[in-house]
Amino acid sequence: MAAPPAHSPVACSLVATDLDGTLLRGDDTFSDRSLAALARAEKAGARHLVVTGRPAPRVRPLLDGLGCTGLAVCGQGAQVYDAGADRLLWSVTLDRELAETALGKIEAEVGDVYVAVDQDGVDGLTLIEPGYLMPHPTLPAVRVQRREDLWRAPISKVLLRHHALSDDELAATARSVVGSLATVTMSGPGTVELQPCGVTKATGLALAAERLGLSAEQAVAFGDMPNDIPMFDWAAHGVAMANAHPELKAVADEVTLSNEDDGIAVVLERLFP
(Lines give C-alpha, C1' and ligand atoms only; values in the text may rest on other atoms or scores of the structure.)
Protein backbone atom coordinates (compact mmCIF):
# COMPACT_ATOMS: atom_id res chain seq x y z
CA MET A 1 0.00 0.00 0.00
CA ALA A 2 1.24 3.48 -0.79
CA ALA A 3 1.98 5.93 1.99
CA PRO A 4 -0.88 8.26 3.04
CA PRO A 5 -1.30 11.56 1.20
CA ALA A 6 1.12 14.31 2.21
CA HIS A 7 -1.30 16.72 3.83
CA SER A 8 -2.02 17.75 7.38
CA PRO A 9 -5.76 17.24 8.04
CA VAL A 10 -5.92 18.98 11.42
CA ALA A 11 -3.89 21.10 13.78
CA CYS A 12 -3.28 18.09 15.99
CA SER A 13 -2.92 18.42 19.74
CA LEU A 14 -4.49 15.05 20.65
CA VAL A 15 -3.36 11.67 19.31
CA ALA A 16 -5.76 8.87 20.25
CA THR A 17 -4.54 5.35 19.53
CA ASP A 18 -6.07 1.94 19.87
CA LEU A 19 -3.62 -0.76 21.00
CA ASP A 20 -4.24 -4.23 19.55
CA GLY A 21 -3.84 -4.27 15.78
CA THR A 22 -2.99 -0.56 15.77
CA LEU A 23 -0.13 0.66 17.96
CA LEU A 24 0.83 -2.80 19.17
CA ARG A 25 2.51 -5.28 16.89
CA GLY A 26 1.33 -8.87 16.81
CA ASP A 27 3.81 -9.86 19.53
CA ASP A 28 2.41 -7.22 21.93
CA THR A 29 5.40 -4.89 21.55
CA PHE A 30 5.86 -1.32 20.35
CA SER A 31 8.29 -0.57 17.55
CA ASP A 32 11.09 1.90 18.15
CA ARG A 33 9.83 3.98 15.23
CA SER A 34 6.34 4.24 16.72
CA LEU A 35 7.72 5.23 20.12
CA ALA A 36 9.94 7.86 18.50
CA ALA A 37 7.01 9.28 16.51
CA LEU A 38 4.86 9.54 19.63
CA ALA A 39 7.72 11.22 21.49
CA ARG A 40 8.06 13.70 18.63
CA ALA A 41 4.35 14.50 18.77
CA GLU A 42 4.45 15.01 22.53
CA LYS A 43 7.57 17.18 22.27
CA ALA A 44 5.59 19.37 19.86
CA GLY A 45 2.87 19.75 22.49
CA ALA A 46 0.38 17.04 21.53
CA ARG A 47 -1.05 14.64 24.09
CA HIS A 48 -1.18 10.90 23.46
CA LEU A 49 -4.17 8.98 24.79
CA VAL A 50 -4.41 5.20 24.62
CA VAL A 51 -8.03 4.25 23.88
CA THR A 52 -8.42 0.49 24.15
CA GLY A 53 -10.87 -2.30 24.76
CA ARG A 54 -8.53 -3.84 27.30
CA PRO A 55 -9.51 -3.20 30.93
CA ALA A 56 -7.23 -1.09 33.10
CA PRO A 57 -5.40 -4.00 34.81
CA ARG A 58 -4.48 -5.48 31.41
CA VAL A 59 -3.29 -2.09 30.11
CA ARG A 60 -1.08 -1.07 33.02
CA PRO A 61 2.08 -2.95 31.87
CA LEU A 62 1.73 -1.54 28.35
CA LEU A 63 1.38 2.00 29.68
CA ASP A 64 4.57 1.44 31.64
CA GLY A 65 6.26 0.49 28.36
CA LEU A 66 5.02 3.72 26.80
CA GLY A 67 6.22 5.74 29.76
CA CYS A 68 2.64 6.93 30.24
CA THR A 69 1.81 8.45 33.63
CA GLY A 70 -1.30 10.30 32.48
CA LEU A 71 -4.77 9.26 31.41
CA ALA A 72 -5.86 6.26 29.37
CA VAL A 73 -9.29 5.19 28.17
CA CYS A 74 -9.85 1.49 28.88
CA GLY A 75 -12.60 -1.13 28.73
CA GLN A 76 -14.11 0.16 25.44
CA GLY A 77 -14.64 3.57 27.02
CA ALA A 78 -16.11 2.33 30.29
CA GLN A 79 -13.01 3.39 32.25
CA VAL A 80 -10.88 6.52 32.39
CA TYR A 81 -7.69 5.44 34.12
CA ASP A 82 -5.04 7.62 35.75
CA ALA A 83 -1.82 5.66 35.22
CA GLY A 84 0.29 7.80 37.52
CA ALA A 85 -2.08 7.43 40.46
CA ASP A 86 -3.14 3.89 39.50
CA ARG A 87 -6.82 4.69 39.97
CA LEU A 88 -9.97 4.96 37.95
CA LEU A 89 -11.22 8.52 37.57
CA TRP A 90 -14.44 7.28 36.00
CA SER A 91 -15.99 3.88 35.41
CA VAL A 92 -19.32 2.42 34.36
CA THR A 93 -20.34 -1.14 35.13
CA LEU A 94 -22.61 -3.44 33.15
CA ASP A 95 -25.65 -4.50 35.17
CA ARG A 96 -25.20 -8.22 35.68
CA GLU A 97 -28.89 -9.06 35.46
CA LEU A 98 -29.13 -7.20 32.15
CA ALA A 99 -26.04 -9.05 30.95
CA GLU A 100 -27.61 -12.42 31.76
CA THR A 101 -30.83 -11.40 30.01
CA ALA A 102 -28.88 -10.30 26.94
CA LEU A 103 -26.99 -13.59 26.88
CA GLY A 104 -30.25 -15.50 27.07
CA LYS A 105 -31.60 -13.63 24.05
CA ILE A 106 -28.41 -14.26 22.07
CA GLU A 107 -28.28 -17.97 22.91
CA ALA A 108 -31.95 -18.33 21.96
CA GLU A 109 -30.89 -17.30 18.45
CA VAL A 110 -27.48 -18.93 17.96
CA GLY A 111 -27.27 -21.70 20.55
CA ASP A 112 -24.58 -21.89 23.22
CA VAL A 113 -21.87 -19.24 23.36
CA TYR A 114 -18.69 -19.23 25.43
CA VAL A 115 -18.49 -16.32 27.86
CA ALA A 116 -15.88 -14.31 29.75
CA VAL A 117 -16.12 -11.11 31.80
CA ASP A 118 -13.80 -8.29 32.78
CA GLN A 119 -14.34 -7.28 36.38
CA ASP A 120 -14.45 -3.60 37.24
CA GLY A 121 -11.63 -1.87 39.14
CA VAL A 122 -7.87 -1.45 38.86
CA ASP A 123 -7.35 -4.97 40.19
CA GLY A 124 -10.30 -6.58 38.42
CA LEU A 125 -9.81 -10.07 37.00
CA THR A 126 -10.74 -11.53 33.65
CA LEU A 127 -12.91 -14.57 34.37
CA ILE A 128 -13.60 -17.23 31.72
CA GLU A 129 -16.12 -20.06 31.78
CA PRO A 130 -15.32 -23.61 30.59
CA GLY A 131 -14.78 -23.71 26.83
CA TYR A 132 -13.84 -20.05 26.42
CA LEU A 133 -10.47 -19.49 24.74
CA MET A 134 -8.72 -16.16 25.27
CA PRO A 135 -8.16 -14.38 21.94
CA HIS A 136 -4.87 -13.10 23.37
CA PRO A 137 -3.29 -16.14 25.07
CA THR A 138 -0.69 -13.91 26.77
CA LEU A 139 -3.37 -12.10 28.78
CA PRO A 140 -4.01 -13.51 32.26
CA ALA A 141 -7.41 -15.02 33.00
CA VAL A 142 -9.00 -17.03 35.78
CA ARG A 143 -11.16 -20.01 34.80
CA VAL A 144 -14.37 -20.51 36.78
CA GLN A 145 -16.40 -23.70 37.03
CA ARG A 146 -19.87 -22.32 36.32
CA ARG A 147 -21.30 -19.38 34.42
CA GLU A 148 -22.95 -18.01 37.54
CA ASP A 149 -19.45 -17.56 39.02
CA LEU A 150 -18.82 -14.87 36.39
CA TRP A 151 -21.25 -12.52 38.12
CA ARG A 152 -19.78 -12.61 41.62
CA ALA A 153 -18.39 -9.03 41.40
CA PRO A 154 -19.19 -5.92 39.33
CA ILE A 155 -18.14 -6.19 35.69
CA SER A 156 -17.27 -3.71 32.96
CA LYS A 157 -18.09 -5.97 30.00
CA VAL A 158 -18.90 -9.46 28.73
CA LEU A 159 -16.88 -11.21 26.01
CA LEU A 160 -18.52 -13.76 23.69
CA ARG A 161 -17.30 -16.48 21.35
CA HIS A 162 -19.21 -19.00 19.23
CA HIS A 163 -17.96 -22.37 18.02
CA ALA A 164 -19.20 -21.88 14.44
CA LEU A 165 -20.31 -18.31 13.73
CA SER A 166 -17.85 -15.67 12.55
CA ASP A 167 -17.34 -12.55 14.65
CA ASP A 168 -19.37 -10.52 12.15
CA GLU A 169 -22.24 -13.01 12.26
CA LEU A 170 -22.25 -13.22 16.05
CA ALA A 171 -22.08 -9.44 16.45
CA ALA A 172 -24.89 -8.86 13.94
CA THR A 173 -27.17 -11.36 15.67
CA ALA A 174 -26.35 -9.94 19.09
CA ARG A 175 -27.20 -6.41 17.95
CA SER A 176 -30.51 -7.59 16.50
CA VAL A 177 -31.75 -9.08 19.78
CA VAL A 178 -29.99 -7.20 22.60
CA GLY A 179 -31.58 -3.81 21.98
CA SER A 180 -31.05 -1.38 24.86
CA LEU A 181 -29.79 -4.04 27.27
CA ALA A 182 -26.17 -3.42 26.22
CA THR A 183 -23.92 -2.03 23.52
CA VAL A 184 -22.48 -4.69 21.22
CA THR A 185 -18.96 -4.19 19.89
CA MET A 186 -16.43 -6.16 17.90
CA SER A 187 -12.88 -5.29 18.89
CA GLY A 188 -10.69 -7.98 17.37
CA PRO A 189 -10.53 -11.56 16.15
CA GLY A 190 -12.62 -13.69 18.48
CA THR A 191 -13.73 -10.67 20.47
CA VAL A 192 -17.43 -9.77 20.41
CA GLU A 193 -18.39 -7.84 23.53
CA LEU A 194 -21.33 -6.53 25.52
CA GLN A 195 -20.77 -3.31 27.43
CA PRO A 196 -23.00 -0.79 29.22
CA CYS A 197 -25.64 0.67 26.93
CA GLY A 198 -24.47 3.91 25.33
CA VAL A 199 -20.85 3.48 26.37
CA THR A 200 -18.29 3.52 23.55
CA LYS A 201 -14.69 4.51 23.02
CA ALA A 202 -16.00 7.94 22.05
CA THR A 203 -17.70 8.54 25.40
CA GLY A 204 -14.55 7.66 27.32
CA LEU A 205 -12.32 9.64 24.96
CA ALA A 206 -14.54 12.71 25.22
CA LEU A 207 -14.37 12.60 29.02
CA ALA A 208 -10.59 12.22 29.04
CA ALA A 209 -10.14 14.99 26.47
CA GLU A 210 -12.34 17.32 28.51
CA ARG A 211 -10.16 16.74 31.57
CA LEU A 212 -7.13 17.66 29.47
CA GLY A 213 -8.78 20.76 28.02
CA LEU A 214 -8.72 19.32 24.49
CA SER A 215 -11.44 18.99 21.88
CA ALA A 216 -12.44 16.72 19.03
CA GLU A 217 -11.41 19.39 16.51
CA GLN A 218 -7.80 18.89 17.64
CA ALA A 219 -7.85 15.09 17.57
CA VAL A 220 -6.46 12.43 15.25
CA ALA A 221 -7.59 8.88 16.05
CA PHE A 222 -6.05 5.58 14.92
CA GLY A 223 -7.78 2.20 14.96
CA ASP A 224 -8.39 -1.12 13.25
CA MET A 225 -11.78 -2.56 14.28
CA PRO A 226 -15.49 -1.62 14.26
CA ASN A 227 -15.32 -0.67 17.94
CA ASP A 228 -13.19 2.28 16.80
CA ILE A 229 -15.98 3.72 14.62
CA PRO A 230 -17.45 5.91 17.42
CA MET A 231 -13.94 7.26 18.10
CA PHE A 232 -13.57 8.14 14.41
CA ASP A 233 -16.99 9.83 14.48
CA TRP A 234 -15.83 11.93 17.43
CA ALA A 235 -12.35 12.91 16.26
CA ALA A 236 -11.61 15.41 13.51
CA HIS A 237 -9.59 12.85 11.58
CA GLY A 238 -9.78 9.06 11.68
CA VAL A 239 -6.93 6.91 10.39
CA ALA A 240 -7.50 3.20 9.76
CA MET A 241 -4.65 0.74 9.61
CA ALA A 242 -4.06 -1.28 6.43
CA ASN A 243 -5.04 -4.36 8.41
CA ALA A 244 -8.30 -2.75 9.61
CA HIS A 245 -11.76 -4.27 9.33
CA PRO A 246 -13.63 -3.13 6.16
CA GLU A 247 -16.31 -1.42 8.27
CA LEU A 248 -13.73 0.90 9.79
CA LYS A 249 -11.95 1.58 6.51
CA ALA A 250 -15.29 2.62 5.04
CA VAL A 251 -15.64 5.52 7.50
CA ALA A 252 -11.95 6.47 7.84
CA ASP A 253 -10.56 9.73 6.51
CA GLU A 254 -7.46 7.89 5.40
CA VAL A 255 -5.81 4.47 5.52
CA THR A 256 -2.20 4.15 6.59
CA LEU A 257 0.18 1.21 6.62
CA SER A 258 -0.39 -1.78 8.91
CA ASN A 259 0.47 -2.03 12.59
CA GLU A 260 3.43 -4.23 11.62
CA ASP A 261 4.68 -1.57 9.18
CA ASP A 262 4.59 1.44 11.54
CA GLY A 263 1.41 2.90 10.10
CA ILE A 264 0.93 5.27 13.04
CA ALA A 265 4.51 6.52 12.77
CA VAL A 266 4.05 7.27 9.05
CA VAL A 267 1.18 9.64 9.80
CA LEU A 268 2.72 11.25 12.88
CA GLU A 269 5.99 11.90 11.04
CA ARG A 270 3.92 13.79 8.47
CA LEU A 271 1.94 15.75 11.05
CA PHE A 272 5.00 16.60 13.14
CA PRO A 273 7.87 16.95 10.65
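This section describes the pockets, two helix pairs and three loop residues of a predicted model.

Two pockets were examined. The largest pocket has a volume of about 480 Å³. Its lining comprises 34 residues, and D20, R54, H136, L139 and T191 are the closest to the centre. Several elements contribute to this lining. One helix, α1 (19-23), supplies at least two residues. The strands β9 (155-161), β10 (183-188) and β11 (191-195) each do so as well. By class, the lining of the largest pocket holds 14 polar, eleven charged and nine nonpolar residues.

The second largest pocket has a volume of about 210 Å³. Here 14 residues form the lining. Nearest the centre lie E42, H48, L66, G67 and C68. Both α2 (32-43) and β2 (47-51) supply at least two lining residues. The largest share comes from α2, with four residues. The lining of the second largest pocket is made up of eight nonpolar, four polar and two charged residues.

The helix α2 also takes part in a helix pair. It packs with α9 (residues 263-271), and the two axes are 9 Å apart. The angle between α2 and α9 is about 30 degrees. Angles under 35 degrees count as roughly parallel, so α2 and α9 are roughly parallel to each other. Their crossing is left-handed. Thus α2 both lines the second largest pocket and packs with α9.

A second pair is formed by α4 (residues 96-110) and α5 (residues 167-178). These helices pack at an angle of about 120 degrees, with their axes 9 Å apart. That angle makes α4 oblique to α5, because it lies outside the range of 65 to 115 degrees for roughly perpendicular and is not over 145 degrees, the limit for roughly antiparallel. The crossing of α4 and α5 is right-handed.

Backbone geometry was considered next. Most residues other than glycine have a negative phi. Two residues in the model, Q76 and D86, depart from this pattern. Q76 is not a glycine, yet its phi is positive, at about 60 degrees. Q76 sits in the loop between β3 (71-74) and β4 (79-82). Its relative accessibility is 1%, and the cut-off for buried is under 20%, so Q76 counts as buried.

D86 is likewise not a glycine and has a positive phi, of about 50 degrees. D86 is placed in the loop between β4 and β5 (87-91). The strand β4 therefore borders both loops, with Q76 in the one between β3 and β4 and D86 in the one between β4 and β5. The surroundings of the two residues differ in exposure. Whereas Q76 is buried, D86 has a relative accessibility of 33% and counts as partly exposed.

A third loop residue is A153. It lies between β8 (142-143) and β9. The strand β9 is also one of the elements that supply the lining of the largest pocket. A153 has a relative accessible area of 21%. The limit for buried is under 20%, so A153 counts as partly exposed. A153 and G124 are 29 residues apart along the chain. Their C-alpha atoms are separated by 9.0 Å.

Note on methods
Residues are numbered from 1 along each chain as its sequence is written. This is a predicted model: local features need pLDDT of at least 70, side-chain atom pairs count only at pLDDT 80 or more; totals for chains, interfaces and linings use all residues. Side-chain values use heavy atoms; hydrogens and water are left out. Buried means under 20% relative accessible area, exposed over 50%, partly exposed in between (1.4 Å probe, protein chains only). On a 1 Å grid over the protein atoms alone, a cavity is a set of points where a 1.4 Å probe fits but cannot get out, and a pocket is an open set with protein on both sides within 12 Å along at least five of seven lines; lining residues have an atom within 4 Å of a point. Grid points are joined across faces, edges and corners, and a volume is the space filled by probe spheres set on the points. Ala, Val, Leu, Ile, Met, Phe, Trp, Tyr, Cys and Pro count as nonpolar, Asp, Glu, Lys and Arg as charged, and the others, Gly among them, as polar. Axes are lines fitted to C-alpha atoms, for helices over the stretch in contact, and angles run from 0 to 180 degrees between N-to-C directions. A crossing is left-handed if the near helix is turned anticlockwise from the far one by less than a right angle, and right-handed if clockwise.
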